[in-house]
Amino acid sequence: MAPYKILKQGYMSKEPLGGKKGLRKKLSRYWFILVEDKTQLALVFFRNEDTYIARERNEGFIRVDDSLAINVVGDHSGYKHVFTVKKPNAVHVFIPESRYELHEWIYTLHTAIEDFKQRKVTSKEQKSSSLSSKERQPHRSRQRAATVSGSTCCSTSASSASCHTPVRPPPPP
């Protein structure tokens, strides 16, 4: 990721993806950071806080800006304080350290996703409005040609000083 902004960080356990249904999956505890850059919002996870501080390799990341839903799960395999991030192709299960942390993660994720999507929409609107304003304005070379052609034809050439017939500007696009 390019330069990014850290929105939240802390320990959570993560249930691995896949495996057979009905079997209890082994949880892994990781140091998570919720980061945002211009193009994405992601949960990046490290083995522990020290590996993050030492700038060592991360264990993985999960994009959350394209998530379909973030839900609090009452009780999941005997664990309290559980939430899921539903993506088009997977459901990620997270278990924060406390009820307080659960609420903080949920609030931060929801707020960050809404803000990210709003900035994306605003950015698209600004791009489309700048495109439409460019389409409304004549191209600079056309403006220069119209200015030059608005004068008499003899002003462009010293040899035709006797000619005072104005040249018509090109029709607007």
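**Exercise 1. Locate Arg55 in this predicted model and describe its backbone and its exposure.**

Arg55 lies in the loop that runs between helix H1 (49–53) and E4. The next step is the backbone: phi of Arg55 is near 60°, which is a positive value in a residue other than glycine. Most residues other than glycine have a negative phi. The last step is exposure, where the cut-off for an exposed residue is over 50% relative accessible area; Arg55, at 65% relative accessibility, therefore counts as exposed.

**Exercise 2. Carry out the analysis of phi and exposure for His81.**

Begin with the position: His81 belongs to the loop between strand E5 (69–73) and strand E6 (82–86). Its phi is near 60°, again a positive value in a residue other than glycine. For exposure, a residue is buried under 20% and exposed over 50%, with partly exposed in between; the relative accessible area of His81 is 26%, so His81 is partly exposed.

**Exercise 3. Set out the secondary structure of the protein and the order in which its elements occur.**

Start with the inventory, which comes to three helices and seven strands. Then read along the sequence, where the elements follow the pattern β-β-β-α-β-β-β-β-α-α. To add a view of the whole, note that buried residues make up 31% of the 173 residues, and that the accessible surface comes to about 11,900 Å², with 53% of it belonging to carbon and sulfur atoms. Finally, consider contacts between residues at least 6 apart in sequence: of these, 40% join residues at least 24 apart.

**Exercise 4. Work out which strands pair with E1, and in which sense.**

Take E2 to begin with: strand E1 (residues 5–15) and strand E2 (residues 28–36) run antiparallel and are joined by nine bridges. Within this pairing, Gln9 has Ile33 of E2 as its bridge partner. Turn next to strand E7 (residues 91–96), which pairs with E1 in the antiparallel sense over four bridges. Here Ser13 stands opposite Ile95 of E7.

**Exercise 5. Describe the pairing of E4 and the two faces of this strand.**

The pairing comes first: strand E3 (residues 41–46) and E4 run antiparallel, joined by four bridges, and Ala42 has Arg63 in E4 as its bridge partner. For the faces, recall that in a regular strand the side chains alternate between the two faces of the sheet. In strand E4 (residues 60–63), Gly60 and Ile62 form the covered face, whereas Phe61 and Arg63 form the uncovered one.

**Exercise 6. Decide whether Leu34 and His92 are buried or exposed, and list what surrounds each of them.**

Leu34 sits in strand E2, and because its relative accessibility is 0%, Leu34 counts as buried. Leaving aside neighbours within four places in sequence, the contacts of Leu34 include Lys5, Ile6, Leu7 and Lys8, as well as Leu41, Ala42 and Leu43. The list of contacts is completed by Val64, Trp105, Thr108, Leu109 and Ala112. As a check on separation, Leu34 and Tyr4 are 30 residues apart in sequence and 9.9 Å apart from C-alpha to C-alpha.

His92 is found in strand E7, and with a relative accessible area of 7% it is buried. Not counting residues up to four places away in sequence, His92 touches Lys14, Leu17, Ile62, Phe83, Thr84, Val85 and Lys87. One of these, Ile62, belongs to the covered face of E4.

**Exercise 7. Characterise the largest pocket, and then place Asp37, one of its lining residues.**

Rolling a probe the size of a water molecule over the atoms shows where empty space is left. In the largest pocket this space amounts to about 220 Å³. Its lining consists of Lys5, Glu36, Asp37, Lys38, Phe116, Arg119, Lys120, Ser123, Lys124 and Lys127. By residue class, the lining divides into one nonpolar, one polar and eight charged residues. By element, helix H2 (residues 99–136) gives the most, with six residues.

Asp37 itself is placed in the loop between E2 and E3. With a relative accessible area of 10%, Asp37 is buried. The C-alpha atoms of Asp37 and Pro3 are separated by 6.5 Å, although these residues are 34 residues apart along the chain.

Conventions:
Residues numbered from 1 in each chain as written. Predicted model: local features only at pLDDT ≥ 70, side-chain atom pairs only at ≥ 80, totals over all residues. Heavy atoms only, no water. Pairing = 2+ DSSP bridges. Buried < 20%, exposed > 50% of the residue type's maximum accessible area, 1.4 Å probe, protein only. 1 Å grid on protein atoms, 1.4 Å probe; cavity = no way out; pocket = protein on both sides within 12 Å on 5 of 7 lines; lining within 4 Å. Points joined across faces, edges and corners; volume = space filled by probe spheres on them. Nonpolar A, V, L, I, M, F, W, Y, C, P; charged D, E, K, R; others polar. Contact = heavy atoms within 4.5 Å. Areas by Shrake-Rupley, 256 points an atom, 1.4 Å probe, with all protein chains shown as cover.
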